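Morning, everyone. I have one structure to walk through today. Let's get it on the screen.

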Amino acid sequence: MKNFYTHEEMLDTVVGEKGTKRRDQFEAKLKSEIEAYKIGMAIKYTRQQQQLTQKQLGERMGVQEAQVSKIESGRSITFATIVKAFKALGVKTASLDLGSLGRVALW
């Protein structure tokens, strides 16, 4: 007979129980990656709304098309790339929700 495990049980076994340093680090990294993905999707959505290709956005930002692809997928996200992307898209104001730290205006 096969054993079935809940997602939480698997995390406890593979990563560590809640409250342990390893689990806290895992969850913090996961949260960070999800936030980066959301920012990338916001950039992608705005680019598509403006009917721009990744190549065109890259030209406006001064980066290669491949870099735009990485940004939109949530990789290579830095504060500088976020600012550069939104400015290249003509976004007049931008703010980020940093959870418990509050919201921060980019410009």
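**Helices, packing and salt bridges**

Let me start with one residue. Gln54 touches Arg47, Glu65, Val68, Ser69 and Glu72, leaving aside residues up to four places away in sequence. A caution before I go on: this is a predicted model. Where does Gln54 lie? In helix 3, which covers residues 54-61. Is Gln54 buried or exposed? Buried, because its relative accessible area is 19%, and the cut-off for buried is under 20%.

Now step back to the whole chain. There are 5 helices and 2 strands. Along the sequence the pattern reads α-α-α-α-α-β-β. So much for the order of elements. The chain has 107 residues, and 27% of them count as buried. The exposed area is about 7800 Å². Carbon and sulfur atoms supply 55% of that area. On contacts, take those with a separation of 6 or more: residues 24 or more positions apart account for 39% of them.

Next, helix packing. Two packed helices are described by the angle between their axes and the distance between the axes. I have two pairs to show.

First pair on my list: helix 1 and helix 2. Helix 1 is residues 7-14, and helix 2 is residues 21-49. They pack at an angle of about 120 degrees. Their axes are 10 Å apart. That angle makes helix 1 oblique to helix 2. Perpendicular would need 65 to 115 degrees. Which residues make the contact? From helix 1, Glu8, Leu11, Asp12 and Val14. From helix 2, Arg22, Arg23 and Phe26. By class, that contact has 3 nonpolar residues, no polar ones and 4 charged ones.

Other pair: helix 3 and helix 5. Here the axes come within 9 Å and cross at roughly 110 degrees. Helix 3 and helix 5 are therefore roughly perpendicular to each other. On the helix 3 side, look for Leu57, Arg60 and Met61. They meet Thr81, Lys84, Ala85 and Ala88 in helix 5. The classes in this contact are 4 nonpolar, 1 polar and 2 charged.

Stay on helix 5 for a moment. It spans residues 79-88. Which of its residues are buried? Thr81, Ile82, Val83, Ala85, Phe86 and Ala88. Thr81, Ala85 and Ala88 should sound familiar: they also sit in the contact with helix 3. After helix 5 comes Gly90, and its phi is positive, near 75 degrees.

Now the salt bridges. How many does the structure hold? The count is 6. I'll take three of them.

Start with Arg23 and Glu8. Their closest N and O atoms are 2.5 Å apart. Arg23 lies in helix 2 and Glu8 in helix 1, so the pair ties together parts that are 15 residues apart in sequence. Both residues appeared a minute ago, in the contact between helix 1 and helix 2. What about exposure? Arg23 is buried, because its relative accessible area is 0%. Glu8 counts as partly exposed, because its relative accessibility is 33%. There is also a network here: salt bridges link Glu8, Asp12, Arg23 and Glu27.

Move along helix 2 to Glu33 and Lys29. This salt bridge has its closest N and O atoms 3.4 Å apart. Why are the two about one helical turn apart? Because they are 4 residues apart in helix 2. Glu33 is partly exposed, at 41% relative accessibility. Lys29 is exposed, at 55%. The cut-off for exposed is over 50%.

Last of the three: Lys38 and Glu35. The closest N and O atoms are 3.7 Å apart. Both lie in helix 2 again, 3 residues apart, about one turn of the helix. Lys38 is partly exposed, with a relative accessible area of 48%. Glu35 is partly exposed too, at 31%.

To wrap up, two things to look at again on the screen. One is the oblique packing of helix 1 on helix 2, with the salt bridge from Arg23 to Glu8. The other is the roughly perpendicular pair, helix 3 and helix 5. That's it from me.

Definitions and conventions. Residues are numbered from 1 along each chain as its sequence is written. This is a predicted model: local features need pLDDT of at least 70, side-chain atom pairs count only at pLDDT 80 or more; totals for chains, interfaces and linings use all residues. Side-chain values use heavy atoms; hydrogens and water are left out. Buried means under 20% relative accessible area, exposed over 50%, partly exposed in between (1.4 Å probe, protein chains only). Contact means heavy atoms within 4.5 Å. Axes are lines fitted to C-alpha atoms, for helices over the stretch in contact, and angles run from 0 to 180 degrees between N-to-C directions. Angles under 35 degrees count as roughly parallel, over 145 as roughly antiparallel, 65 to 115 as roughly perpendicular and the rest as oblique. Ala, Val, Leu, Ile, Met, Phe, Trp, Tyr, Cys and Pro count as nonpolar, Asp, Glu, Lys and Arg as charged, and the others, Gly among them, as polar. A salt bridge is a side-chain nitrogen of Lys or Arg within 4 Å of a carboxyl oxygen of Asp or Glu. Accessible areas come from the Shrake-Rupley method with a 1.4 Å probe; for residues, only the protein chains shown count as cover.
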